[in-house]
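Good morning, colleagues. Please take a moment to look at the sequence and the structure on the screen before I begin.

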Amino acid sequence: MGFTMGMGLNLLLLLAMVATNMLSLYHLSSSLQSHTPAPTSQQVPSHLIHQLNTIRATINHLTRVHPSPPSSTTPTTPPPDLLLLSHLSPIPSSCHHYPHMLYTYMNYTPFSLCPPDSDNLAESLILRGCHPLPRRRCFSSTPQKFPSSLPSNPFALNLPSSTINWEKYSCKNFDCLNKLNTYLGFDNKIESSRFTGYKSELDLPISQLIQISKTQNSILRLAIDVGGGTGTFAAHMKSYNVTVITTTMNLGAPYNEMIALRGLIPLHTPLQQRFPIFDGVVDLVRCGHAVNRWIPVTVMEFLFYDVDRVLRGGGHFWLDRFFSKGSDLERVYGPLIQKLGYRKVKWATADKTDSSGLKNGEVYLTALLQKPMTRSSI
Ligand SMILES: *[C@@H]1O[C@H](CO)[C@@H](O)[C@H](O)[C@H]1NC(C)=O
């Protein structure tokens, strides 16, 4: 079967990583192995003993093993070990549903160039909940040439396309992306005026947001922009000395690279991922319209409570053009938001008038909500 040495080695390394975290168990099993089973109620299950023996064998094996090139054949059957061993490795459980993809992803030659990710396999796995992906010991490919200087202005025109590895995108430069759709977020002429104007009630210009914070004596220093595209909100907030981290995926275009090119912080995490941020440390969380009715309600509820977790008392939650069916806003999402117990600073709704909005009776909601300073335990 297509279980190459390279693949084997990687799994072994994953195992070894786990092994170091399981030292205490290792010791426990050692004492069992030495025929002095502790007659306690905490008997070690046999499958655990088996796994620990595997780890021990792995560590012995690792001291002898050397990398070898992967087989030239494309993997067809994932090795049964992959699933067994991934039970031990720091891979989330969702990875188990996609053994073929995971196998392909992990089929590489250690210490050399990573295989080209032309199918965007990493992103596909992440979007399926297989996040974090296991680490690999290979070199990811870099663009052929890199400019000697990078713009410091996040709204610089003529951003250097050569800083980006365009391999997995159909467009090969920014001009192409902007011709495709001027509103993808890659056209700085357009991006420089976003978040500045007030055309409808759904808008919350940054100047107004800053003003609201000031009047509430609520300092605005740190924020997360969830599903923030190319980081335009972060780019504008930078001029107000506010640090914004943007979570974004690379759906068909180099969103993460664009954010980095602007000197801002991209977080490559999907919407279902717990924010890799500690409790109560940010002043503002903005959810752009990537957060909308396409997300299952339960997932949305978990997302909202994770927003609450990272917000400090008195911090703000900004739903920017959230959209759903009008009836669902009243019946489902309104009550869901209400349950957070936040103060409504702004609550504006309007019909979504594009073709799918009209077809589905959708509405937009822009809400600015303030987390209570304290919560009493129930
Ligand atoms: C941002 O910080 C710089 C340096 O401390 C300061 O000169 C500037 O006035 C600040 N800008 C705003 C909008 O507060």
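I shall describe the sheet, the helices that lie across it, and the nonpolar cores.

Please bear in mind that this is a predicted model.

Let us begin with the sheet. It is open and has seven strands, in the order β3-β2-β1-β4-β5-β7-β6, and the pairing is mixed. At its edges stand β3, residues 265–267, and β6, residues 343–351, each of which pairs on one side only. On average, neighbouring strands of the sheet are turned by 15° against each other, with direction ignored.

Within this order, I would draw your attention to β4 and β5. Strand β4 covers residues 282–287 and strand β5 residues 311–325; the two run parallel and are joined by five bridges. Here Val285 stands opposite Phe317 in β5.

Next, the helices. Helix α12, residues 297–310, lies across β1, β4 and β5, and runs at about 155° to β5. Helix α13, residues 326–338, lies across β5, β6 and β7, and its angle to β5 is about 165°.

I turn now to the nonpolar cores. In soluble globular proteins, nonpolar side chains tend to be buried together. In this model the largest nonpolar core has 50 residues, and Val285 and Phe317 are among those with the most contacts inside it, as are Ala223, Val244 and Leu365. Which residues does Val285 touch, leaving aside those up to four places away in sequence? They are Ala223, Ile224, Val226, Val307, Val310, Leu311 and Phe317. There is also a second, separate core of ten residues, which includes Leu102, Tyr105, Tyr108 and Cys130.

Thank you for your attention.

Definitions and conventions: Residues are numbered from 1 along each chain as its sequence is written. This is a predicted model: local features need pLDDT of at least 70, side-chain atom pairs count only at pLDDT 80 or more; totals for chains, interfaces and linings use all residues. A nonpolar core is a set of buried Ala, Val, Leu, Ile, Met, Phe, Trp, Tyr and Cys residues joined through C-beta atoms within 7 Å. A residue is buried if 20 or more other C-beta atoms lie within 10 Å of its own, exposed if 12 or fewer, and partly exposed in between; C-beta atoms are placed from the backbone. Two residues are in contact if their C-beta atoms, placed from the backbone, lie within 7 Å. Two strands pair if DSSP finds at least two bridges between them. Helices (H or I, at least four residues) and strands (E, at least two) are DSSP runs, numbered from the N terminus. Axes are lines fitted to C-alpha atoms, for helices over the stretch in contact, and angles run from 0 to 180 degrees between N-to-C directions.
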